[in-house]
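Visitor: I would like to know how the labels attached to this model are justified. Please take them one at a time.

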Amino acid sequence: MTDEHRLVRMDFDELTALLKEIFIGHGTSAFVADILATNCAGCEQDGALSHGIFRMPGYAASLKSGWVDGQAEAEVNVVSPSFIRIDARNGFAQPALAAAASAVDEAIERTGVVVVAIRNSHHFSALWPDIEPFARKGLVAISFVNGLANVVPHGGHTAVFGTNPIAFAIPVANADPLVVDQATSVMANGEVRLHALDNKPLPPGAGVDSSGAATTDPHAVLAGGALNTFGGYKGSSIALMVELLAGALTGGQLSFENDFGQCVGAQTPKAGQLLIVIDPNRGGLTDFSQRAAVLCKQLIEAGQDRLPGERRYKNRHTAQTLGIPLAKDTLANLLHLVTNA
Ligand code: NDP
């Protein structure tokens, strides 16, 4: 490793403060900067690298282009005791969800379940930071997000779906929550971009080029090509459902309607997010998290390597002890974003 690439370690709070400075420097409010910086530093800390600081130039470019409004104040509308509609007003989805935090808590307390439909919103990160906190409070949370059309439907040649992630968080007795958070494409678009940066081929079956022919070249996928959905037609059907739940039910845009148009620098997809939070104790079991623990133990005894989320928790633990590892040139790029706001 050359000097330029050597790792430095940064404390979570220190990295969050640096990212916050970049967000504010690119025109966000302090509220938005706080939420996005914590989210992004959290991804880096957990080793969710496709949505960590690698995303900062994209956030900065989108903000600078005027495509997304970093000052937006979401409009929260409680339309029934268990249904909250949020217009993010062309801002980011995470601060929109944060703006509804007390309404969400009240709805769950009153009815045991809440549906949160966010529209007119940009989501440029992983979903686990949105839902893990609910599971830490003993709740079950499910979320769906659509995005920018870069995934072909099964057997198709033209992108229609976004990478449309779907995520679940479940409380587990005496353990970290069980969190499953995955794209419905073979891989996340950020992973394709990381492969392109390293000139590394994608796994077989990952995507198509601009002519619709199968390719493992990340550059071809990014230059007018598209990814495939995971799991053949079954994954394609799940991506379709995510598209309808996140893009249509919320009143947001469908992924193929997303158009950066003439907005040079735009990178954050403007779409929708649906979130469902359930109090599992209303199901009649007072020990849901114990049942989840029993099942998790059974999986490991049956030979499963590890639980979903476990890799992130291990990384988090290590980073909390040793600091978050960053390559020196990555840190230099971040500092460049501070001075070039
Ligand atoms: P991965 O395929 O890396 O992981 C998906 C899930 O499977 C994770 O919960 C992961 O846990 C778990 N997992 C991975 N390997 C194993 C294993 N061997 N055994 C058990 N569980 C395992 O994720 P994707 O590449 O599909 O997605 C990455 C991220 O991209 C997600 O956070 C997603 O939200 C985000 N995304 C965001 C989009 C947006 O528009 N905002 C669009 C698309 C994706 P662990 O995390 O512990 O590895």
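Guide: A nonpolar core is a set of buried Ala, Val, Leu, Ile, Met, Phe, Trp, Tyr and Cys residues joined through side-chain atoms within 4.5 Å. The model here is predicted. Its largest nonpolar core has 30 residues, of which V104, V114, V116 and V277 touch the most other members. Several elements each supply at least two residues of this core, among them strand 3 (83–92), helix 5 (101–111), strand 4 (113–122) and strand 12 (270–278).

Visitor: What does V114 touch, not counting residues up to four places away in sequence?

Guide: V114 touches S82, I84, V104, A107, I108, L275, I276 and V277. Apart from the largest core lies another, of 28 residues, including L18, I22, F92 and L337.

Visitor: Why is H195 called buried?

Guide: Buried means under 20% relative accessible area. H195 has 11% relative accessibility, so H195 counts as buried. H195 lies in helix 7 (residues 189–197). Leaving aside neighbours within four places in sequence, H195 is in contact with M187, K200, P201, L202 and P218.

Visitor: Why is the sulfur of C40 not in a bond with the closest cysteine sulfur?

Guide: A disulfide needs two cysteine sulfur atoms within 2.5 Å. The closest cysteine sulfur to that of C40 is in C43, 6.5 Å away, which is too far for a bond. C43 is likewise in no disulfide. A search of the whole structure finds zero disulfides.

Visitor: Are C40 and C43 buried or exposed?

Guide: The cut-off for buried is under 20%. C40 is at 0% relative accessibility and therefore counts as buried. C43 has a relative accessible area of 0%, so C43 is buried too.

Notes:
Residues are numbered from 1 along each chain as its sequence is written. This is a predicted model: local features need pLDDT of at least 70, side-chain atom pairs count only at pLDDT 80 or more; totals for chains, interfaces and linings use all residues. Side-chain values use heavy atoms; hydrogens and water are left out. Helices (H or I, at least four residues) and strands (E, at least two) are DSSP runs, numbered from the N terminus. Buried means under 20% relative accessible area, exposed over 50%, partly exposed in between (1.4 Å probe, protein chains only). Contact means heavy atoms within 4.5 Å.
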